[in-house]
Amino acid sequence: MHRRLAARGQRSLLSQTSPAFTHLSTACPLDALRGLETAEPLRFADAPCGGLHPAVESSPSQEPESAAGRAALALRRARGEAPGDRREHAENRDDELRDPHACPLWGGCPRHAPARELVDALIWVANPASLIQTAVPGQLNAERLRYLELACLRSDIVVVDEADRVQMQLDQMFAPSATLVAPGPESWIDQLQKHEIDELVRQGRLQLSDRDVERWSAALAIVRSAANRLYAMLIDDKDLRDWVQIDYFSAWTLQDRLLHAWYPPAARASREDLDGEHDIEDEADLYEDQEALGGAAGRAPGPEPEPWAARRNEVTKLFDAFRDDPLGDRGPYGTATDTLANLAHDVLHTLNEKQTRRRVRALLTTLLHGAPGPDRRPASANRRKGDVPPREIPFSEAWLELNARRLEFTLALSALHQRLDRVTFLWPQVEAALRLDPGGHELTRRPPLDYAPLLPEAPMGNVLGFQYLLDERWSTRDREGRRTGTLRFFRCAGVGRELLLSLSRLGADPEKGVAGPHVMLMSGTSWAGTSTRAHVLAPVEAVLKPRQEALDAIRETVFRTEFLYDDAGRPIRVSGQDLEDRPDVMRLLVHRLARPHRDGRPSPLQHELAQIPDERRRRALLLVGSYREAGEVAEALNAIPRWRGKVRVLVADDAELDSGATAAVDPTDDSAAGVVRRGDLASFADDPDAELLVAPLLAIERGHNILTVPQRPGEEPVAAFGTVFFLVRPHPRPDDLFLSIFAVNDWAARFVRDKPGLPQGTFTQLVREADSLDHAGSTFRTIARGVWRDLLSRPYVYSALPEPEKRAFAWDQLVTIWQVIGRLVRGGVPARVVFVDAAFAPRLAVAQAGARNAGDQPRWTRDPGLLVRLRDVLAPYFGPADDRDDFPDPADPMLVRLLYQPLYEALQAIAPHHQAPTR
């Protein structure tokens, strides 16, 4: 809020008097009672709202100074208690500390005023995260409760706006993931380490006097050391990369793979393609014991145990103890677990890798004592007869060296995992001292356990793990051809979207005849065909239609392309470029788009603005891929004389700006574009000098109505932008793990509801064919794991996707584009939409160039492009009425026409779309 007001020109804190501060107070009344000896205010995270304990006198035998203290001492003496005899008090001290007290000032504390006001409020307005994550204060409710539960218990109706976006947010909340290490500035561990060093240096490391800060700093140091060690091994060892890159890995899965290679179980002996791996029976163990939703109970008994089964169990127990305490903090254990912990320290900190490898080999020899040799192993545990590589022959030198490297990697990963957990666990305790962003990372917000009874497990099991993705760019290779990659972490705790679909049952009690709330899911794009992100599997029972006059005006929306070309006549394509080349390509595109022609003709950008008949709307929205790219484009535009002082750039609400940076532009200083914080986007039209706004596409997709300022009494405000330029084609990051999470959750939600069109059939069919419910559940889990592994191993690049996933991709991007265009048709006015990036329609871009031989074009120019694909996924719904029986629901064509007809007609009007749809 302070940043937002400063951007509006209220640079002094004394001038910032927004009423919103009433609900954002950080004041603690107890802070004034701490005494004059306190040098600094109480940290926000340290406020003892529910953590007060009775004071204990430091010297019981000393005569109290206060009258009350002397009276209490006299009373104890009258009871026969000696002045120095405080044993009873000392015995009760631990009990008192275990039973904290609530602050007596809570009822008037400004910090908790919003919570108190909610008690009598008839309408609550909240976002999904606040409802799901926030617990109801114990001062208001004795039972443990989250605000979402309370809202459903006390509400007659729950309205969820932008339901498709909420669905995606819920999936993300219950499957947090994060990029730990990556090439470039997005590496979280590196950013965190740099921030920690800056903060410690700023205060001369005084923060380390706090034990929590010291522990957090030590844990972060181990995380960074372990990550560096893992990277050194992965970059240098292709066999190791192949071992961990199958789908995902964790300390548990790698230890289990090692055990299966050393002590192969007869139960898995028939599978010839395992190569030391196996299908995990119950991946709930990969999550945390207290959070697992299922166990191993009820499994069918296996075959007779192998002769080495007892030894395998011993080694398993050693690994289990080590995995819980990989650095020996709670040791010694008096077993080989101590050796594992000591060796983990050695692996992380050694300067003599050869000596460390000898120690690993010695430990491996110990762990293999009792393991079966090649002749004693089941025949199927070895490769097929014939030429067998030496490294696959048990107990050969190559096999021992291979397993030593894998064991060394597993030791380092175990340390990384445990210390990463400590970093996230201690985050709230140290965020004030080190000025950490409380919401700065997904891993710091664990999904609450309160929803476990309502939330289905993830279809592949509640898993956690790491992924290492090899970077395919040539710029990430050294002279020997070695490549780096990206290390990320994820934790799947359930199918988040099912919580949205079960809100009406939250708070219901069928036995008592108590119904849950009525739930209304609202969004103009929540019906989206095969989209894995936006399509909400709830029946559509009503459609809010605009007035016919407004609808007629919206149907006048114009789509066109404005492809630009380099000096050689090649179409300029931004999307799909290497990250190193993309800024230069974008600057070239902006130069061609915004600079006047040499013969004096206006630039394409200026010409487009002139086509807008309504002067109030003569503004252009230019959409790019990120905030950083928006800044680069705005800088390039502002350098052109025609647009100097007319450009604004959208920045995040939490972006750090210069103290004098505001949306207003100083007429005497036109060196930089003005900035608009995302929260102030609705006020953009108040700036009379602004003509261009450069923004990331996803930042402006939803939630902002940018309207004109009425100039006359009775004038209705309408969309402030008359045209939008898509400078880039929307495409998610190919390595975004949430794409796989959305897809597997969408698959599970459709599969259990027997939706047609899935290659795995239907859930009802699966259950009918199973011998028992246990067998049906096991089969479902096996199928789901196959889907999950396919999703993790696929390259999420449009050109490489199979046909069904290309249709889903098109629906995803259709929703994104239509949501953006929705910002331009507010008030029932038409929009002008210009696609600039040649990646939208490569074949059309080449055809419009007309000067090059088709045989000389690169392969990407042969693709018809996303615009054709968007038209194709909509076309079947606009066919003859006789074809409606071909749809799962005959009402689908009418629904699509109500939601997307202006979009389809605009796509049809683009030149190449008069051809027959491509299937």
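Reader: What percentage of the contacts in the protein with a separation of 6 or more comes from residues 24 or more positions apart?
Author: The share is 73%. Contact here means heavy atoms within 4.5 Å. This is a predicted model: local features need pLDDT of at least 70 and side-chain atom pairs pLDDT 80 or more, while totals for chains, interfaces and linings use all residues. Residues are numbered from 1 along each chain as its sequence is written, and side-chain values use heavy atoms, without hydrogens or water.

Reader: How many helices and strands are there, and what makes a run count as one?
Author: The protein has 27 helices and twelve strands. Both are DSSP runs, numbered from the N terminus: H or I over at least four residues for a helix, E over at least two for a strand.

Reader: What makes valine 315 a buried residue?
Author: Its relative accessible area is 1%. Buried means under 20%, exposed over 50%, and partly exposed in between, with a 1.4 Å probe and protein chains only. So valine 315, at 1%, counts as buried. Valine 315 sits in helix α12 (residues 309-324). Outside its neighbours within four places in sequence, valine 315 touches Leu259, Tyr263 and Leu367. Leucine 259 is 56 residues away in sequence, yet the C-alpha atoms of the two are 8.0 Å apart. Across the protein, 46% of the 919 residues are buried.

Reader: How do you know which strands of the open sheet are its edge strands?
Author: Look at the pairing. Two strands pair if DSSP finds at least two bridges between them. The sheet has seven strands, in the order β6-β12-β11-β7-β10-β8-β9, with parallel pairing. β6 (558-561) and β9 (674-677) each pair on one side only, which puts them at the edges. Neighbouring strands are turned by 25° against each other on average, direction ignored.

Reader: What makes β8 and β10 a pair?
Author: Three bridges join β8 (residues 647-651) to β10 (residues 692-696). The cut-off is at least two, so they pair. The two run parallel, and valine 649 stands opposite valine 694. β8 also has four bridges to β9, again parallel. There leucine 650 faces valine 676.

Reader: Why is β8 called mostly covered?
Author: Five of its five residues are buried. Val647, Val649 and Val651 point one way. Arg648 and Leu650 point the other way, and they are buried too.

Reader: Which side chains of β1 are buried, and which are not?
Author: In β1 (residues 157-161), Val158 and Val160 point to one face and are buried. Ile157, Val159 and Asp161 point to the other and are not. In a regular strand the side chains alternate between the two faces of the sheet. β1 pairs in parallel with β5 (residues 518-522) over five bridges, where valine 160 is matched with leucine 521.

Reader: Why are α24 and α27 called roughly perpendicular?
Author: Their axes cross at roughly 85° and come within 12 Å. Axes are lines fitted to C-alpha atoms, for helices over the stretch in contact, and angles between N-to-C directions run from 0 to 180 degrees. Under 35 degrees is roughly parallel, over 145 roughly antiparallel, 65 to 115 roughly perpendicular, and the rest oblique. The crossing of α24 and α27 is therefore roughly perpendicular. Trp811, Leu814 and Trp818 of α24 meet Leu899, Tyr900, Pro902 and Leu903 of α27 (residues 892-909). Helix α24 (residues 803-822) also lies across β6, β7, β11 and β12, at about 150° to β11.

Reader: What makes phenylalanine 751 and phenylalanine 780 an aromatic pair, and of which kind?
Author: Rings of Phe, Tyr and Trp (its six-membered ring) pair if their centres lie within 6.5 Å; planes under 30 degrees apart are stacked, over 60 edge-to-face, the rest tilted. Here the centres are 5.9 Å apart and the planes at 25°, so the pair is stacked. Phenylalanine 751 belongs to helix α21 and phenylalanine 780 to helix α23, so the pair ties together parts 29 residues apart in sequence. Both are buried. The whole structure holds 29 aromatic pairs.

Reader: How do you know that arginine 642 sits over the ring of tryptophan 643?
Author: Its charged end is 4.1 Å from the ring centre. The rule asks for NZ of Lys or CZ of Arg within 6 Å of the centre and within 35 degrees of the ring normal. Arginine 116 likewise lies over the face of tryptophan 106, at 5.9 Å from the ring centre.
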